[in-house]
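Colleague: Got a minute to go through this model with me? I'd like to start with the helices.

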Amino acid sequence: MKKKWLFFLLLLLKHTIPLAQPIISNDITQLNPIPISDIAQPTSTADVVELIKNHTGPISIAGGKYSMGGQTATDNALQIDIKKLNHILAFDPKKKEITVETGANWRQIQELIDPYNLSVQIMQSYADFTVGGSLSVNVHGRYVGEGPIILSVKQIKMVLADGSLITASPTENPTIFYGAIGGYGAMGVITEATFNLTDNTLLKRTSQQMLITQYYDYFQKYVNNNTHAVFHNTLIYPPDYKTVRAVTYVTTNEAPTISVRLQPKDQDYSKLHKQIALLSSSNLAKRFRKLYDRWQYSKKQVVWRNYEASYNVAELAPIATKEGSFVLQEYFMPTDQFDNFYPQLINILRKHNVNVLNISIRHAKKDSGSLLAWAKTDVFAFVIYYKQGVTSKDQQAVNRWTTELIDTAIEHQGSYYLPYQIIASQAQFEKAYPKAKQFFELKKQLDPNNKFRNKLLDRYAQY
């Protein structure tokens, strides 16, 4: 009788005590929910060492989670969230050098160095990203005469799978340095980084609208090797993709038209959010944008370099909605292939009726040697900002046109960027990243039990 009562009691408890819900990690697009075992938030390199030594299962590394394909998590992994690992460790204004923990974001660095009239040498367009995330994907920005962030890194400190802490640079443990930067957390946790800084200068915005057929010659004549140019990007206007607007910021002695030195943190972006929503809903709105930009860019603008480098990613929000997500893809093309690549890019986007809001063209110098280098020579980057739906049918459509674009990029000796949706086949990945085998062989040496994992590594690792 007692056994019966015990059975019914256990049955009752089973249905009345809520079971522990899995922890779901997702990225900014909300398209990649991944169940993980736990989240740890270390506040020092010593904390990271202990976490890695004491955890036997898979480990993933997350910062701001602006990657868009599962690069910060994998199933049942411990996710190390680095955002509290965010201290400035050393700053030498005379040497123009700074050492930070990798959970720090770029805005934090800008606020420290701006009073010394210094600026970050290379970073992406938005200042919210963590340093560690930027190193992990080997970011680039709109800088003229620069390239991937690896070109500005003096050294890193990194915790390996056995818990050991090493220093790596182009001269000390260089193989690890070139495997870790742009390595998506495959080799270990980068906890500290030392960067070169540069001068903060006043910049004047210049702008020119033209046909896309004229752009390559314009870039070579007026931008490439222009010692006064600091930022440059060019907008390709959908839906016809025939017109572009080239925007360049050049050094100047003129007085600033905007007095603040950094972007205000408390800006109201509601108007911009409505404009983005309108652009995604109508080809008419996309066509009207050219007229709006003609008026907008006719205004004189002189700003500090740090102002133009401190944009807040909140201006793009809301990135994910119930109906869809605003997503990025990026393709890198050797500069001499520009005129061969862009017509095919446009044809593919048109054929599949992709809801493109904008394509931004940037230029980047050759990578100094990272194993997963996206700039194997000087390249143009084509950054596609588009909206996609959330259904499986929508995803299948994205897979089709993305596969075509990757094939086209490879055909022209180019590549695609890895922080976005993981669609490329194994063969496409290996063609775009020919040192992938060497990369994963290094990972096996440093991480023989495959402790450091995420969806990108899971997809392509040859274990």
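Modeller: Here are some notes on helix packing and one loop residue. This is a predicted model, where local features need pLDDT of at least 70, side-chain atom pairs count only at pLDDT 80 or more, and totals for chains, interfaces and linings use all residues. Residues are numbered from 1 along each chain as its sequence is written, and side-chain values use heavy atoms, with hydrogens and water left out.

Colleague: Which residues of helix 2 are buried?

Modeller: Thr-45, Val-48, Val-49 and Ile-52 are the buried ones in helix 2 (residues 45–54). Buried means under 20% relative accessible area, exposed over 50%, partly exposed in between (1.4 Å probe, protein chains only).

Colleague: What do the buried residues of helix 2 pack against?

Modeller: Several strands, including strand 4 (59–62), strand 7 (97–101) and strand 11 (189–199). Contact means heavy atoms within 4.5 Å.

Colleague: And which exposed residues sit on the face turned away?

Modeller: Ala-46 and Asn-54.

Colleague: New topic. At what angle do helix 7 and helix 8 cross?

Modeller: Roughly 130°, and their axes come within 7 Å. The two helices are therefore oblique to each other. Angles under 35 degrees count as roughly parallel, over 145 as roughly antiparallel, 65 to 115 as roughly perpendicular and the rest as oblique.

Colleague: Which residues meet there?

Modeller: From helix 7, Gln-275, Leu-278, Leu-279 and Ser-280; from helix 8, Ala-285, Lys-286, Arg-289 and Tyr-292.

Colleague: Last one. Is Asp-266 buried or exposed?

Modeller: Exposed, at 69% relative accessible area. Asp-266 lies in the loop between strand 14 (243–251) and helix 7 (270–281).

Conventions. Helices (H or I, at least four residues) and strands (E, at least two) are DSSP runs, numbered from the N terminus. Axes are lines fitted to C-alpha atoms, for helices over the stretch in contact, and angles run from 0 to 180 degrees between N-to-C directions.
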